[in-house]
Amino acid sequence: MGRGPFQYLMFLLLAVSCSAPSQMEDFRPVDERDSLGRFVYSIDMSDSLSVYDILFYTRVDCPDKLFAELQNTKVDVGLLSPSGISYEETVYIPITSFTSDRKGTYDCQVEYRKGLVPVEWGTWRMYIVLPELKGMHGMGVINRKR
């Protein structure tokens with residue numbers, strides 16, 4: 001018995017619905033830092049046909065007066081390739097990237113890298129170290145595949 005148009009359409013829909021998500025988010029609360037004080041993430045960059053956008057996000061709850069005293073936040077980023085090669089750099093989260101919808105709560109989502117093509121395909125480890133920010137809930141990473 002042959003396959004009709006309906007069976008081919010169902011197969012196509014199933015194939016599309018099984019694709020991997022184009023965005024992964026991973027949030028680490030402050031108390032889940034490792035023994036070295038780092039937030040640790042796994043970043044999947046295994047699709048050689050894609051480029052990646054990596055963003056950081058966080059929330060800080062503190063009095064407006066204390067927030068007004070904050071400066072740009074230094075972030076030390078370490079990346080470990082799938083083969084074990086280590087990369088490190090320091091970036092800054094501008095204080096102007098924080099927004100507030102309610103008094104005393106400040107949210108931030110900022111690009112770390114846009115259009116990233118990794119030097120090696122696979123799952124990378126990312127380590128983030130930043131100074132203590134009073135009222136910070138934790139740190140999150142968004143990995144968008146496009």
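A polar contact is a pair of N or O atoms within 3.5 Å; within protein, one atom must be able to donate a hydrogen and the other to accept it. That definition serves the view of serine 81 below, where the serine 81 side chain makes such a contact with the side chain of glutamate 120. The model shown in every view is predicted.

**View 1. The whole chain holds 2 helices and 9 strands.** From the N terminus, the elements follow the pattern α-β-β-β-α-β-β-β-β-β-β. The chain has 146 residues, and 34% of them count as buried. Two open sheets appear in the views that follow: one has 5 strands, and another has 4 strands.

**View 2. Five strands line up as E1-E9-E3-E7-E6 in an open sheet.** The pairing is antiparallel. E1, residues 23-29, stands at one edge, and E6 stands at the other. Each has a single partner strand, so one side of each is left without a neighbour in the sheet. On average, neighbouring strands are turned by 20 degrees against each other, direction ignored. Strands of a sheet pair through backbone hydrogen bonds.

**View 3. Strand E3, residues 52-61, pairs with E7 and with E9.** The pairing of E3 with E7 is antiparallel and spans 9 bridges. Two opposite pairs can be picked out here. Threonine 58 faces cysteine 108 of E7. Tyrosine 57 has glutamine 109 of E7 as its bridge partner. On the E9 side, E3 meets residues 138-145 over 6 bridges, again in the antiparallel sense. There, isoleucine 54 is the bridge partner of asparagine 143. How many of the 10 residues of E3 are buried? The count is 8, so E3 is largely enclosed by the rest of the structure.

**View 4. Tyrosine 57 sits in strand E3.** Is tyrosine 57 buried or exposed? Its relative accessibility is 18%. The cut-off for buried is under 20%, so tyrosine 57 counts as buried. Glutamate 25 is 32 residues away from tyrosine 57 in sequence. In space, their C-alpha atoms are 9.7 Å apart.

**View 5. E6 and E7 form a hairpin with 2 residues between the strands.** E6 covers residues 98-102, and 3 bridges join it to E7. The two strands run antiparallel. Phenylalanine 98 stands opposite cysteine 108 in E7. Cysteine 108 also stands opposite threonine 58. In this hairpin, glycine 104 takes a positive phi near 85 degrees.

**View 6. Proline 29 belongs to strand E1.** With a relative accessibility of 26%, proline 29 counts as partly exposed. Phenylalanine 39 lies 10 residues away along the chain. The C-alpha atoms of proline 29 and phenylalanine 39 are separated by 8.6 Å.

**View 7. Four strands make an open sheet in the order E2-E8-E4-E5.** Pairing in this sheet is antiparallel. The edges are held by E2, residues 39-45, and E5, residues 86-93. Each of these has a single partner strand, so one side of each is left without a neighbour in the sheet. The average turn between neighbouring strands of this sheet is 25 degrees, direction ignored. E2 is joined to E8, residues 122-129, by 7 bridges. Across this pairing, serine 42 stands opposite arginine 125.

**View 8. Serine 81 lies in the loop between E4 and E5.** Serine 81 has 5% relative accessibility and counts as buried. What does the side chain of serine 81 contact? Its partner is the side chain of glutamate 120, at 3.2 Å. This distance falls within the 3.5 Å cut-off for a polar contact.

**View 9. The largest pocket has a volume of about 200 Å³.** Its lining has 14 residues. Which of them lie nearest the centre of the pocket? They are Leu79, Tyr87, Tyr112, Leu116 and Trp124. Three strands each supply at least two lining residues: E4 (73-80), E5 and E7 (105-116). By type, the lining divides into 11 nonpolar and 3 charged residues, with no polar ones. Rolling a probe the size of a water molecule over the atoms shows where empty space is left.

Terms used
Residues are numbered from 1 along each chain as its sequence is written. This is a predicted model: local features need pLDDT of at least 70, side-chain atom pairs count only at pLDDT 80 or more; totals for chains, interfaces and linings use all residues. Side-chain values use heavy atoms; hydrogens and water are left out. Two strands pair if DSSP finds at least two bridges between them. Axes are lines fitted to C-alpha atoms, for helices over the stretch in contact, and angles run from 0 to 180 degrees between N-to-C directions. On a 1 Å grid over the protein atoms alone, a cavity is a set of points where a 1.4 Å probe fits but cannot get out, and a pocket is an open set with protein on both sides within 12 Å along at least five of seven lines; lining residues have an atom within 4 Å of a point. Grid points are joined across faces, edges and corners, and a volume is the space filled by probe spheres set on the points. Ala, Val, Leu, Ile, Met, Phe, Trp, Tyr, Cys and Pro count as nonpolar, Asp, Glu, Lys and Arg as charged, and the others, Gly among them, as polar. Buried means under 20% relative accessible area, exposed over 50%, partly exposed in between (1.4 Å probe, protein chains only).
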